[in-house]
Amino acid sequence: MSAYRRSFLALPVVLLAGDALAQSASWFPVESADRSFFVEMPAAPVYKKIDTTTPAGTPFVYHSYSLEYRRLSFVAQSALYPADVDVRQPRLNLQSALDDRAQRLAGGKWTQVDWKSVQGAPAVESIGPLAGGNALRQLVVLKGSRYVSLGYLAPTDAMRAPEAERFFRSLRLLP
């Protein structure tokens, strides 16, 4: 067998080994400060409290964990909405989150939207293009008044990379 054929046949094995390495690497466990979720990230994220207000002016806090890792960005956030945020129709709240973030997308639209349930809580996962060849993948969950969001920014061809899949699959809502 020629050296060319051997190297060509070995390529899938090398690619699979790279995927296995990404999956088996030591990941960093993150439990939110408000004890609302658990997720894994490929390294220790930066934690910030972000003060904000509702449209009615009631203050509340986002707990945000962000990580720049190689050419990938990971963000996990949570907040407990105050009483003046009506969460009786969660799909409307989730649609509002989609609409707000769509304004930052190239073309102002999501290319993929998947309504789902995460541990019994209403959720929506979406993917959309950003300027410069990157894309945003996000998962937003609303469990009562508890808002949890995962965001992943990467080149468009990496939306389903092993790191992305592990990040999204690791999400656990805590009681």
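Two strands count as paired if DSSP finds at least two bridges between them. That rule underlies the hairpins described here, in what is a predicted model.

## Hairpins β7-β8 and β8-β9

In the hairpin of β8 and β9, 2 residues lie between the strands, and Gly144 there takes a positive phi near 65°. The hairpin of β7 and β8 has 4 residues between its strands. Its turn holds Gly132, with a positive phi of about 85°. Strand β8 thus appears in both hairpins. It is mostly covered, with 8 of its 10 residues buried.

The bridge counts for the antiparallel pairs are listed here.

| Strand pair | Bridges | Direction |
|---|---|---|
| β7 and β8 | 7 bridges | antiparallel |
| β8 and β9 | 10 bridges | antiparallel |
| β2 and β10 | 2 bridges | antiparallel |

Individual partners fix the register. Gly128 has Leu136 of β8 as its bridge partner. Leu142 stands opposite Tyr147 in β9. Strands of a sheet pair through backbone hydrogen bonds, either parallel or antiparallel.

## The three-stranded sheet

An open sheet of 3 strands runs in the order β1-β2-β10, and its pairing is antiparallel. Its edge strands are β1 (28-31) and β10 (172-173), each of which pairs on one side only. Across from Arg172 in β10 stands Phe38.

## Positive phi outside glycine

Most residues other than glycine have a negative phi. Arg35 departs from this, with a positive phi of about 55°. Arg35 sits in the loop between β1 and β2. Is Arg35 buried or exposed? Its relative accessibility is 54%, so Arg35 counts as exposed. Gln119 also has a positive phi, near 50°. Gln119 belongs to the loop between β6 and β7.

## Nonpolar cores

The largest nonpolar core has 30 residues. Val141 and Tyr152 have the most contacts inside it. Two or more residues each come from β2 (37-41), β4 (59-69), β5, β7, β8, β9 and α3. Strand β9 gives the largest share, 4 residues. Apart from this core lies another, of 18 residues, among them Val87, Leu98, Ala102 and Trp110. In soluble globular proteins, nonpolar side chains tend to be buried together.

## Around Tyr152

Which residues does Tyr152 touch, leaving aside those up to four places away in sequence? Its contacts include Leu72, Ser73 and Phe74. They also include Ala135, Leu136 and Arg137. Further on in the sequence, Tyr152 touches Ala158, Met159, Ala161, Ala164 and Phe168.

The model has 11 aromatic pairs. One of them joins Tyr152 and Phe168 edge-to-face, at 6.5 Å centre to centre and 80° between the planes. Tyr152 lies in strand β9 (residues 146-155) and Phe168 in helix α3 (residues 162-169), so the pair ties together parts that are 16 residues apart in sequence. Both Tyr152 and Phe168 are buried. They belong to one aromatic cluster with Trp27, Phe74 and Phe167.

Charges sit over rings as well. The charged end of Arg137 sits over the ring of Phe168, 4.1 Å from its centre. The charged end of Arg91 sits over the ring of Trp115, 3.8 Å from its centre.

## Helices α2 and α3

Helix α2 (residues 90-102) has 13 residues. From first C-alpha to last, α2 reaches 18 Å, close to the 18 Å expected at 1.5 Å a residue. Its buried residues are Asn93, Leu94, Ala97, Leu98, Arg101 and Ala102. An α-helix has 3.6 residues a turn, so residues three or four places apart point the same way. The buried residues of α2 pack against β5 (72-80), β6 (112-118), β7 (121-129), β8 (134-143) and β9.

How many of the 8 residues of α3 are buried? The count is 7, so α3 is largely enclosed by the rest of the structure. They are Pro162, Glu163, Ala164, Glu165, Arg166, Phe167 and Phe168. Charged residue types such as Glu163 and Arg166 are thus listed as buried beside Phe167 and Phe168.

Definitions and conventions:
Residues numbered from 1 in each chain as written. Predicted model: local features only at pLDDT ≥ 70, side-chain atom pairs only at ≥ 80, totals over all residues. Heavy atoms only, no water. Phe/Tyr/Trp six-rings, centres within 6.5 Å; stacked < 30°, edge-to-face > 60°. Buried < 20%, exposed > 50% of the residue type's maximum accessible area, 1.4 Å probe, protein only. Lys NZ or Arg CZ within 6 Å of the ring centre and 35° of its normal. Expected span 1.5 Å × (residues − 1). Contact = heavy atoms within 4.5 Å. Core = buried A, V, L, I, M, F, W, Y, C linked by side-chain atoms within 4.5 Å.
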